[in-house]
Amino acid sequence: MDTKDEKRFEEVAEDDVQLAQMGHRPELKRNFSTLSMLGLAFAVLNSWTALSASLSISLTSGGSTSVIWGLITAGTCNLCIAASLAEFLSAYPTAGGQYHWVAVSWPEWVPILSWVTGWVNVAGWVALVATNCLLSAQLIAGIVSSVYPGFVWQRWQQFLIYVGYTLLAFVINAFMNSILPIIYRGALTWSLGGFVLVSITLLACASPDYNSAYFVFCEFVNNTGWPDGVAWMLGLLQGGLGVTAFDAVVHMIEEIPQPSIRGPKIMVGCVGIGTFTGSVFLIVLLFVAGNIKDVIDSEAGPLLQILLHATKNTAGGICLLMLPLVCLAFATLSVMTTSSRMIFAFARDGGLPASRFFAHVHPKLGLPLNALGLSSVVVVIFGLIYLGSTSAFNAIISSSVVALDLSYAMPIAVNCLRGRKTLPDRKWKVPNMVGWVIDIISLSYIALTTVLFLFPPSRVVTGSSMNYCVVAFGIILIVSVVQWIVDGRKNFTGPRMDVDA
């Protein structure tokens with residue numbers, strides 16, 4: 001064994017001791033490097049792709065001002081949230097993440113706070129898988145509509161594409177686990193390279209036919225029926241989607257060496273990279289968008305319509321769309337990976353029905369296969385909402401963003417209520433005064449957006465246009481309450497001790 005291998009062996013042994021001190025056996029291999037974990041974290045966010053694919057949310061709810069300034073607002077606030085949670089991650093690097101942190105921060109309120117946080121976090125990650133599958137299905141539908149203008153899409157056809165993406169992510173996660181670090185390093189390169197290539201190509205092809213700077217930074221559009229201020233804040237959903245789910249590294253933290261040091265840096269870094277690349281790309285898109293009404297009304301979808309207008313060529317626009325489409329495939333894959341690890345961690349602590357079954361690690365594949373299967377099945381069920389409602393797109397996105405944000409708020413709120421004195425000494429530490437400021441910003445942003453993202457996308461509400469995010473949360477609440485009554489109140493005590501500390 002050479003010096004490099006000896007050092008890595010010592011690091012992994014030390015990391016496993018730290019995990020044992022938190023009560024868990026090291027069951028997953030630490031085969032992710034810093035670069036491959038950053039690739040996974042950025043693939044989950046994929047900010048420039050997710051933001052451009054979900055343009056329809058903000059273009060009618062605030063217009064350009066919501067697209068650009070909404071992202072900057074959401075990015076700044078999420079950077080504060082990430083910095084706050086990075087302190088917890090450095091102190092307690094366990095895949096359970098938020099529900100574990102709540103439990104150790106306020107033992108008097110365990111298990112109920114830990115239970116609620118765990119269920120909300122699991123729901124958020126499952127909904128995020130559904131979000132990526134749905135975005136991918138809509139981009140593919142847009143391609144077909146641009147090539148065959150007379151073709152009328154049925155929702156069940158897009159649902160089949162959605163299911164196909166889900167199954168593909170399951171198969172790759174289940175049977176190619178050993179090469180996932182390589183795939184995620186490639187995802188990072190592909191995403192950043194695609195961002196640069198598409199941006200330069202669009203600016204070159206559209207020259208000199210650009211929209212004005214006033215249009216890009218100041219144009220306001222409100223087709224929602226809500227008052228202008230409410231409409232603009234509803235447009236924050238797009239920006240929130242593009243920089244949410246940075247806790248991916250949290251739920252994968254048991255698969256990376258030196259988690260207390262590397263984890264916080266990766267989490268904060270991916271939000272910063274996402275906000276920067278997303279802002280630049282959205283500015284480019286708005287400069288080359290042409291007539292915004294044509295973009296909003298296009299059957300091909302806003303992103304593809306902008307690409308078609310800029311390149312003035314159907315084949316060229318579709319070729320450029322392939323870059324973000326592949327990014328979304330990487331995103332679906334990485335979100336599925338993270339979702340399964342979150343389910344595994346919560347089941348390991350007895351938080352789910354049939355917890356022992358879903359906490360099982362497949363001995364040959366070296367991954368929680370049953371948890372992966374559960375994530376895939378629930379994503380397909382989640383997608384059935386899309387068959388019944390034209391506004392399901394907003395509902396699925398809203399539920400993922402709201403659920404994840406609520407899971408972020410729980411440990412931050414507990415820490416503030418206890419005077420920011422609950423965390424032990426750690427490698428990542430924010431100065432106390434700065435910590436208070438970023439915690440207050442984080443909680444204020446989450447409180448505001450949690451209420452707003454439950455609003456219907458337009459003021460005129462019908463059965464098909466209401467925001468079914470409320471329904472999704474109602475189902476989650478009913479299932480979690482029933483599970484608490486049947487099993488949780490008797491057997492769930494928060495994070496369990498699998499080994500002696």
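User: Before we start, what counts as a helix here, and which helices each supply at least two residues of the nonpolar patch?

Analyst: A helix here is a DSSP run of H or I that is at least four residues long, with numbering from the N terminus. Keep in mind that this is a predicted model. The helices that each give at least two residues to the nonpolar patch are helix 8 (155-175) and helix 19 (369-388).

User: Okay, so which helix gives the most to that patch?

Analyst: The patch covers about 580 Å² of surface and is built from Trp-156, Leu-160, Val-377, Ile-381, Leu-384 and Leu-387. With 4 residues, the top contributor is helix 19.

User: Is Leu-387 buried, partly exposed or exposed?

Analyst: Leu-387 sits in helix 19. Buried means under 20% relative accessible area and exposed means over 50%. Leu-387 comes out at 33%, so the label is partly exposed.

User: Switching to cysteines, how many disulfides does a search of the whole structure find?

Analyst: To count, two cysteine sulfur atoms must be within 2.5 Å. For Cys-270, the nearest cysteine sulfur belongs to Cys-80 and is 15 Å away. For Cys-416, the nearest one is also that of Cys-80, at 12 Å. Searching the whole structure gives a disulfide count of 0.

User: And is Cys-416 buried or exposed?

Analyst: The cut-off for buried is under 20% relative accessible area. Cys-416 has 15% relative accessibility, so Cys-416 is buried.

User: What is the relative accessible area of Cys-270?

Analyst: Cys-270 is in no disulfide. Cys-270 counts as buried, and its relative accessible area is 0%.

Methods
Residues are numbered from 1 along each chain as its sequence is written. This is a predicted model: local features need pLDDT of at least 70, side-chain atom pairs count only at pLDDT 80 or more; totals for chains, interfaces and linings use all residues. Side-chain values use heavy atoms; hydrogens and water are left out. Patches are made of residues with over 30% relative accessible area and no salt bridge: like charges are joined within 9 Å, nonpolar side chains (Val, Leu, Ile, Met, Phe, Trp, Tyr) within 5 Å. Accessible areas come from the Shrake-Rupley method with a 1.4 Å probe; for residues, only the protein chains shown count as cover. A salt bridge is a side-chain nitrogen of Lys or Arg within 4 Å of a carboxyl oxygen of Asp or Glu. Buried means under 20% relative accessible area, exposed over 50%, partly exposed in between (1.4 Å probe, protein chains only).
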